[in-house]
Amino acid sequence: MKSFLSAMIIAILLVWGSGSYMSELESISKELYEVNSSAYDSIEAEDYRAAEEDIDEIYSVLEKHHMFFAAMGNHTELDNIKTNLAELEVYTKSREKYDALSKCSVLSFLFEHLPANSRLRIENIL
């Protein structure tokens with residue numbers, strides 16, 4: 001009976017921890033996506049100063065949640081995000097509108113993909 005109770009407590013903690021992790025990941029992903037959308041709109045309007053501020057904010061959000069990503073995140077995806085963000089920064093500073101818009105689109109995909117890749121689904125298991 002003691003081992004069954006211990007197993008149930010562990011199972012409850014795992015479910016709770018997984019739910020908390022997914023909730024936090026979705027929140028961070030949504031925040032990153034929204035700031036990136038703002039950068040996209042700024043670049044489209046050729047307001048590169050505002051876009052640079054949005055890019056700085058994306059870096060800030062990533063830095064603020066660095067420990068979360070380091071402990072739980074997919075490091076390959078985080079590296080892809082940082083690589084594309086660095087390219088976006090260069091394209092924005094050099095006023096390369098279409099290249100910058102392309103990088104924003106890639107980042108939007110990656111930000112949407114963060115929580116989608118972590119959800120428990122048959123595709124993620126097989």
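In the predicted model, the buried residues of helix α1 are Tyr21, Met22, Leu25, Ile28, Ser29, Leu32, Val35, Asn36, Ala39, Ser42 and Ile43, where buried denotes a relative accessible area under 20%, exposed one over 50%, and partly exposed a value in between, computed with a 1.4 Å probe and with protein chains only. An α-helix has 3.6 residues a turn, so residues three or four places apart point the same way. Helix α1 comprises 43 residues and reaches 62 Å from its first C-alpha to its last, close to the 63 Å expected at 1.5 Å a residue, the expected span being 1.5 Å times one less than the number of residues in the helix. Helices (H or I, at least four residues) and strands (E, at least two) are taken as DSSP runs and numbered from the N terminus. Residues are numbered from 1 along each chain as its sequence is written. Because the model is predicted, local features need pLDDT of at least 70 and side-chain atom pairs count only at pLDDT 80 or more, whereas totals for chains, interfaces and linings use all residues, and side-chain values use heavy atoms, with hydrogens and water left out.

The protein contains 6 helices and 0 strands, and along the sequence these follow the pattern α-α-α-α-α-α. Its C-alpha atoms fill a box of roughly 65 × 30 × 20 Å along the principal axes. The radius of gyration is 18 Å, against a value near 14 Å for a compact globule of 126 residues; this quantity is taken over C-alpha atoms, and the globule rule is 2.2 Å times the number of residues to the power 0.38. Buried residues make up 33% of the 126 residues, and the protein exposes about 8,100 Å², of which carbon and sulfur atoms supply 58%, with areas obtained by the Shrake-Rupley method using a 1.4 Å probe and, for residues, counting only the protein chains shown as cover. Of the contacts (heavy atoms within 4.5 Å) with a separation of 6 or more, 71% are accounted for by residues 24 or more positions apart.

The largest nonpolar core has 27 residues, and those with the most contacts inside it are Ile43, Leu62, Phe69 and Leu88; such a core is a set of buried Ala, Val, Leu, Ile, Met, Phe, Trp, Tyr and Cys residues joined through side-chain atoms within 4.5 Å. Two or more residues are given to this core by each of α1 (2-44), α2 (48-64), α3 (66-72), α4 (75-93) and α5 (97-118), and α1 gives the most, with 8 residues. When neighbours within four places in sequence are left aside, isoleucine 43 is in contact with Tyr48, Ala51, Leu88, Thr92, Lys97, Ala100, Leu101 and Cys104. Serine 42, also placed in helix α1, is buried at a relative accessible area of 11%, and, with residues up to four places away in sequence not counted, serine 42 touches Asp47, Ala50, Ala51 and Asp54.

A search of the whole structure finds 5 salt bridges, each defined by a side-chain nitrogen of Lys or Arg within 4 Å of a carboxyl oxygen of Asp or Glu. One of them joins the side chains of lysine 64 and glutamate 31 at 4.0 Å, N to O, and links helix α2, which holds lysine 64, to helix α1, which holds glutamate 31, across 33 residues. Lysine 64 is exposed, with a relative accessible area of 58%, while glutamate 31 is partly exposed at 27%.

Another salt bridge is formed by the side chains of lysine 97 and glutamate 46 (3.5 Å, N to O), which lie 51 residues apart, lysine 97 in helix α5 and glutamate 46 in the loop between α1 and α2. Lysine 97 counts as buried at 17% relative accessibility, whereas glutamate 46 counts as partly exposed at 48%; glutamate 46, just after α1, takes a positive phi of about 60°. The side chains of lysine 103 and glutamate 87 likewise meet in a salt bridge, at 2.6 Å, N to O, and this pair links lysine 103 in helix α5 with glutamate 87 in helix α4, 16 residues apart. Lysine 103 counts as buried at 14% relative accessibility, and glutamate 87 is partly exposed, with a relative accessible area of 29%.
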